[in-house]
Structures are given as structure tokens and as C-alpha cells.
Amino acid sequence: MRYACVLLLCCAAACGGGAESTGANPSPPPAPPGPPPTAASVSVRDYSYSPATVTVKVGGSVTWTNRGTVGHTATGSVVNSPTLAAPGGGAYGGTAGESHQQSFGGTGSYSYHCAFHPQMTGTVLVVP
Ligand SMILES: [Cu+2]
């Protein structure tokens, strides 16, 4: 009697193992987050920053480039660009949109906006 019980348990274990392998394809695990970049780029268009939030490692830099049709700035308590002229001729001349590069020596969240278009807002996250 004891021998028969052991056989039944073995069979149940084997069958259960087989059933587990016939499920839906498992989705791959999400990629682990890498180290924060040491540089980021923001396209300034009419009328938004893209991406609106960038993350860089402390000591890293962010470059804003005007790819819109009118002048813009990136202005905040820490972020502080001059007026960046738009690319292409028009009233602003030039063939490439002007850029502003700024490095960040301290961690924090630095919000900014356009001095001409306050509805344009962005954030630089500086992480360790
Ligand atoms: Cu603007």
C-alpha cells in the first residue's frame, strides 16, 4: 500500500512539471536601468521643449537647440540661456538654430521656461 502511494505522488509531480511549460510566452524582463547619461539634448520647437524632462548625471551637461521658427530661451533659477535664434533665414538669419550648453554640478530638479512663451516649460533632473 505504501509503495502505491509513492508511485502516485511521482506521477503527479511529473505531470505537473509538464503542464507548467505549456503556458503563454513569458514576456522578457524590462531592461535594467543603466547609469544616467552625462549629456542630454533638448530640441526647442514651437512651442515646447522635447523632451520636456531630461536626466543627466551630476557634472553632466544639457544642450538646448532651437529647431523652431522663432527665438526661444531656456530660463530658470539655474538654467539660463540667451535667446536662441531659430534656424533658417527669416528675421533671425543664420542657417542652424542656435544652441546653449550648460553643465550641472549639483543634484536636483531644475525647472525652466521660455522667457517669451511662459507656457513652454521643462525640467532638468540631475542625479548622482
Ligand atoms: Cu519661446
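Biologist: What does the secondary structure of the chain come to?
Modeller: The model is a predicted one. From the N terminus on, the elements run α-β-β-β-β-β-β-β. The secondary structure therefore comes to one helix and seven strands, a strand being a DSSP run of at least two residues.

Biologist: What percentage of the residues in the chain is buried?
Modeller: The chain has 128 residues. A residue is buried if 20 or more other C-beta atoms lie within 10 Å of its own. Buried residues make up 20%.

Biologist: What share of the contacts with a separation of 6 or more comes from residues 24 or more positions apart?
Modeller: Pro128 and Val58 show such a separation, being 70 residues apart in sequence. For the chain, residues 24 or more positions apart account for a share of 44%.

Biologist: In what order do the strands of the four-strand sheet stand?
Modeller: The sheet is open and its pairing is mixed. Its edge strands are S2 (48–50) and S5 (99–103), each of which pairs on one side only. The twist averages 20 degrees from one strand to the next. The order is S2-S1-S4-S5.

Biologist: Do S1 and S4 run parallel or antiparallel?
Modeller: Strands of a sheet pair through backbone hydrogen bonds in either sense. Six bridges join S1 to S4. Ala39 has Ser61 as its bridge partner in S4, and Val42 stands opposite Trp64. The two strands run parallel.

Biologist: Through how many residues does a hairpin join S1 to S2?
Modeller: S1 and S2 run antiparallel and are joined by three bridges. Ser43 has its bridge partner Ser50 in S2. The number of residues in the hairpin that joins S1 to S2 is two.

Biologist: Which are the edge strands of the three-strand sheet?
Modeller: This sheet is open, with mixed pairing, and its order is S3-S7-S6. S3 and S7 pair in the parallel sense over five bridges, whereas S6 and S7 pair in the antiparallel sense over six bridges. The twist averages 20 degrees from one strand to the next. The edge strands, each pairing on one side only, are S3 (53–57) and S6 (108–113).

Biologist: Which residue in S7 does Val56 stand opposite?
Modeller: S3 and S7 have five bridges between them. On the side of S6, the bridge partner of Gly108 in S7 is Val126. The residue opposite Val56 is also Val126.

Biologist: Which side chains along S7 point to one face and are buried?
Modeller: The side chains of S7 alternate. Thr121, Thr123, Leu125 and Val127 point to the other face and are not buried. The buried ones are Gly122, Val124 and Val126.

Biologist: Which residues touch the most other members of the largest nonpolar core?
Modeller: This core has 15 residues. The elements that give two or more residues to this core are S1 (39–45), S4 (61–66) and S7 (121–127). Those touching the most other members are Val42, Val44, Val62, Trp64 and Val124.

Biologist: Which residues is Val42 in contact with, leaving aside its neighbours within four places in sequence?
Modeller: Val42 is one of the core residues that touch the most other members. A contact needs C-beta atoms within 7 Å. With sequence neighbours left aside, the contacts of Val42 are Tyr49, Ser50, Pro51, Val54, Val62, Trp64 and Gly122.

Biologist: Why is Thr65 partly exposed?
Modeller: Thr65 lies in strand S4. Leaving aside neighbours within four places in sequence, Thr65 is in contact with Ser41, Ser43, Val44, Gly97 and Ser99. A residue is buried at 20 or more other C-beta atoms within 10 Å and exposed at 12 or fewer. Thr65 is partly exposed because its count within 10 Å is 18.

Biologist: How far apart in space are Thr65 and Arg45, C-alpha to C-alpha?
Modeller: In sequence, Thr65 and Arg45 are 20 residues apart. In space, their C-alpha to C-alpha distance is 8.7 Å.

Biologist: Is Pro128 buried or exposed?
Modeller: Pro128 has its place in the segment after S7. Not counting residues up to four places away in sequence, Pro128 touches Val58 and Thr107. The C-alpha atoms of Pro128 and Val58 are 5.5 Å apart. Because 6 other C-beta atoms lie within 10 Å, Pro128 is exposed.

Notes:
Residues numbered from 1 in each chain as written. Predicted model: local features only at pLDDT ≥ 70, side-chain atom pairs only at ≥ 80, totals over all residues. Core = buried A, V, L, I, M, F, W, Y, C linked by C-beta atoms within 7 Å. Contact = placed C-beta atoms within 7 Å. Pairing = 2+ DSSP bridges. Axes fitted to C-alpha atoms, helices over the stretch in contact; angles between N-to-C directions.
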